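User: I'm new to reading protein structures. Could you walk me through this one with some questions and answers?

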Amino acid sequence: MKNDERIVVVFNGSSVPLRHIISTQISGPNDIAEFKQWYYENFHEFPSDQFVFCHNQAERDGVVTALADGTLYRMAAPVWGEIEDDDNITDVSDHQLKRYTEELQKVLQTYAENSDFSAFLNKEHLADIKERVRFIWPCIETNASGLPEMAVYALLVGTDIEERQWNRLLDALQKWLLEGWGEELSGRPASAEGKNVYLHIGRLGYDEIEFHVKKVAGKSN
């Protein structure tokens, strides 16, 4: 491989809004920022872009293998929000959040880039699941009805996890989105139309999240 080679891996073609940008030449934050700037000067930016930087050929080959041998799942959760205007805060549904989808995604993306979304997998009781999860990341997308929702993508390597493991994963993810990472996110407003728009994950008035899980790419079971 040439020393200056940059490799763009597209998982399962362009139908999945996910790209992995891999370079063996990235060594620090300044280089990463420079690489991202170079990349977006030459290629279109997608909201759910993921950058994976490898330090050697073996790491790069491991990521490529995981992409080829993995199964990508999408775990979707409903959202609601609050709009702050002239010192008044109003609860709003996903229908009313629709017009702010782009601004909310930018807030989430910035927060996700500066936090460790996968930290909840470090719990001891999730160790068997963590070793199977190659990547996991959140984004705001619109569903088939055009409404915003939280979408968490997880790339699992090897055979699929068992039903009881899925239950543990979703229970832990729910707590992370309601009480941990997601609670801090809800305090970071998007600015739109002179208002502050706060995103909350789940359904207004409910203390549980009903996830919709779908396999979007990968091997057949």
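Here are some questions about the fold, each with a short answer.

User: What does the secondary structure of the chain come to?

Analyst: Happy to help! Keep in mind that this is a predicted model. The chain has 221 residues, and buried ones make up 45% of them. Its secondary structure comes to seven helices and eleven strands.

User: Which helix gives the most residues to the largest nonpolar core?

Analyst: Let's start with the core itself, which has 41 residues. M75, F120, I136, M150, W181 and L185 are the ones with the most contacts inside it. With six residues, the helix that gives the most to this core is helix 6 (residues 163–178).

User: And which residues does M150 contact, leaving aside its neighbours within four places in sequence?

Analyst: M150 is among the residues with the most contacts inside the largest core. A contact here means heavy atoms within 4.5 Å. With those neighbours left aside, the partners of M150 are M75, A76, A77, V79, L108, P138, C139, I140, W181, L185 and I201.

User: How many residues does the second, separate core have?

Analyst: This core includes C54, V63, W137 and Y153. Its total comes to eleven residues.

User: Which residues of helix 4 are buried?

Analyst: Helix 4 covers residues 101–113 and reaches 18 Å from its first C-alpha to its last, close to the 18 Å expected. Its cover includes helix 3 (94–97), strand 7 (133–142), strand 8 (148–157), helix 7 (181–185), strand 9 (190–192) and strand 10 (195–201). Buried means under 20% relative accessible area. The residues of helix 4 that meet this are T101, L104, Q105, V107, L108, Q109, Y111 and A112.

User: Is strand 10 mostly covered or mostly open, and how many of its residues are buried?

Analyst: Strand 10 is one of the elements that cover the buried residues of helix 4. The strand is itself mostly covered. Of its seven residues, the number buried is five.

User: Which residue stands opposite V197 in strand 10?

Analyst: Strand 10 pairs with strand 5 (residues 79–85) in the antiparallel sense, over six bridges. Within strand 10, V197 faces a partner across the pairing, and that residue is I83.

User: Which residue in the turn between strand 9 and strand 10 has a positive phi?

Analyst: Strand 9 and strand 10 run antiparallel and are joined by three bridges, with S191 opposite N196. They form a hairpin with two residues between them. The turn residue with a positive phi, of about 55°, is E193.

Definitions and conventions. Residues are numbered from 1 along each chain as its sequence is written. This is a predicted model: local features need pLDDT of at least 70, side-chain atom pairs count only at pLDDT 80 or more; totals for chains, interfaces and linings use all residues. Side-chain values use heavy atoms; hydrogens and water are left out. A nonpolar core is a set of buried Ala, Val, Leu, Ile, Met, Phe, Trp, Tyr and Cys residues joined through side-chain atoms within 4.5 Å. Buried means under 20% relative accessible area, exposed over 50%, partly exposed in between (1.4 Å probe, protein chains only). Helices (H or I, at least four residues) and strands (E, at least two) are DSSP runs, numbered from the N terminus. The expected span of a helix is 1.5 Å times one less than its number of residues. Two strands pair if DSSP finds at least two bridges between them.
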